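Work through the exercises below with the sequence and the 3D structure open. Try each task before reading its solution.

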Amino acid sequence: MGKRAAGFVLFRRLCGEIEYLLLKASYGDFHWSSPKGHVDPGEDDFTTALRETKEEAGYDEKDLIIYRDNPLTLNYVVKGKPKIVIYWLAELRNPNQAPVLSDEHTDFKWLAKEAAKQCVGFKDNQDMIESFHSIILKMDKT
């Protein structure tokens, strides 16, 4: 079985715009991604997403509106080994609350959809942002 990880695609609404939080890794290729991390033994995916978001961005469950109904799963290969990452969509309650980064990340950006897709680079991450953006727009219509 491959490595398993979980996280949140965090967004905020600021001045009528939807922006996504991306974190810059302090290791490897210094990639940009949403907060996520490996599932610890005995931990479920959702608990991992909460823990990793707190560790990596400083946001607690009370800081977020979490949309649990539509998780998305990415399957890809890292260093020749399969990896599964499940993401939930979560909205920051206070759009002005800045993240508090761990030493795993050196920077953060809040970006509109197209800029966020360009920043993450990987097609599966781009597709995920696009899918979650569609979900947000559908929620806004109801």
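The exercises that follow deal with strands, a helix and a few single residues.

The model is predicted, so local features need pLDDT of at least 70 and side-chain atom pairs count only at pLDDT 80 or more, while totals for chains, interfaces and linings use all residues. Residues are numbered from 1 along each chain as its sequence is written, and side-chain values use heavy atoms, with hydrogens and water left out.

**Exercise 1. Strand pairing**

Task: State which strands pair with β1, and in which sense.

Solution.
Step 1. Helices (H or I, at least four residues) and strands (E, at least two) are DSSP runs, numbered from the N terminus. Two strands pair if DSSP finds at least two bridges between them.
Step 2. With β6 (residues 81–92), β1 pairs in the parallel sense over nine bridges. Within this pairing, V9 has L89 as its bridge partner.
Step 3. With β4 (residues 36–38), β1 pairs in the antiparallel sense over three bridges. Here H38 of β4 stands opposite A5.
Step 4. β2 runs antiparallel to β1 and is joined to it by four bridges. In β2, E17 is the bridge partner of L14.
Step 5. β1 and β2 form a hairpin with two residues between them, and C15 in the turn has a positive phi of about 55 degrees.

**Exercise 2. The surroundings of R12**

Task: Decide whether R12 is buried or exposed, then list its contacts.

Solution.
Step 1. R12 lies in strand β1 (residues 3–14).
Step 2. Buried means under 20% relative accessible area, exposed over 50%, and partly exposed in between (1.4 Å probe, protein chains only). R12 has a relative accessible area of 11%, so R12 is buried.
Step 3. Contact means heavy atoms within 4.5 Å. Neighbours within four places in sequence aside, R12 is in contact with E17, I18, E19, L92, P95 and W110.
Step 4. A polar contact is a pair of N or O atoms within 3.5 Å; within protein, one must be able to donate a hydrogen and the other to accept it, and residues adjacent in sequence count only if both atoms are side-chain atoms. The side chain of R12 makes such a contact with the side chain of E19 at 2.7 Å. The R12 side chain also reaches the backbone oxygen of P95 at 2.9 Å.

**Exercise 3. The buried side of α2**

Task: Explain why the buried residues of α2 are on the same side of the helix.

Solution.
Step 1. In α2 (residues 113–120), the buried residues are K113, A116, K117, C119 and V120.
Step 2. These residues cover an arc of only 165 degrees around the axis, so they are on the same side of α2. The arc is that of the directions from the helix axis to the C-beta atoms.
Step 3. An α-helix has 3.6 residues a turn, so residues three or four places apart point the same way.
Step 4. The buried residues of α2 pack against β2 (17–25), β3 (32–33), β7 (105–111) and α3 (123–141).
Step 5. After α2 comes G121, whose phi is positive, near 80 degrees.

**Exercise 4. Two cysteines**

Task: Find how many disulfides the structure has, and classify C15 and C119 by accessibility.

Solution.
Step 1. A disulfide is a pair of cysteine sulfur atoms within 2.5 Å. A search of the whole structure finds zero disulfides.
Step 2. C15 has 76% relative accessibility and therefore counts as exposed.
Step 3. C119 has a relative accessible area of 18%, so C119 is buried.
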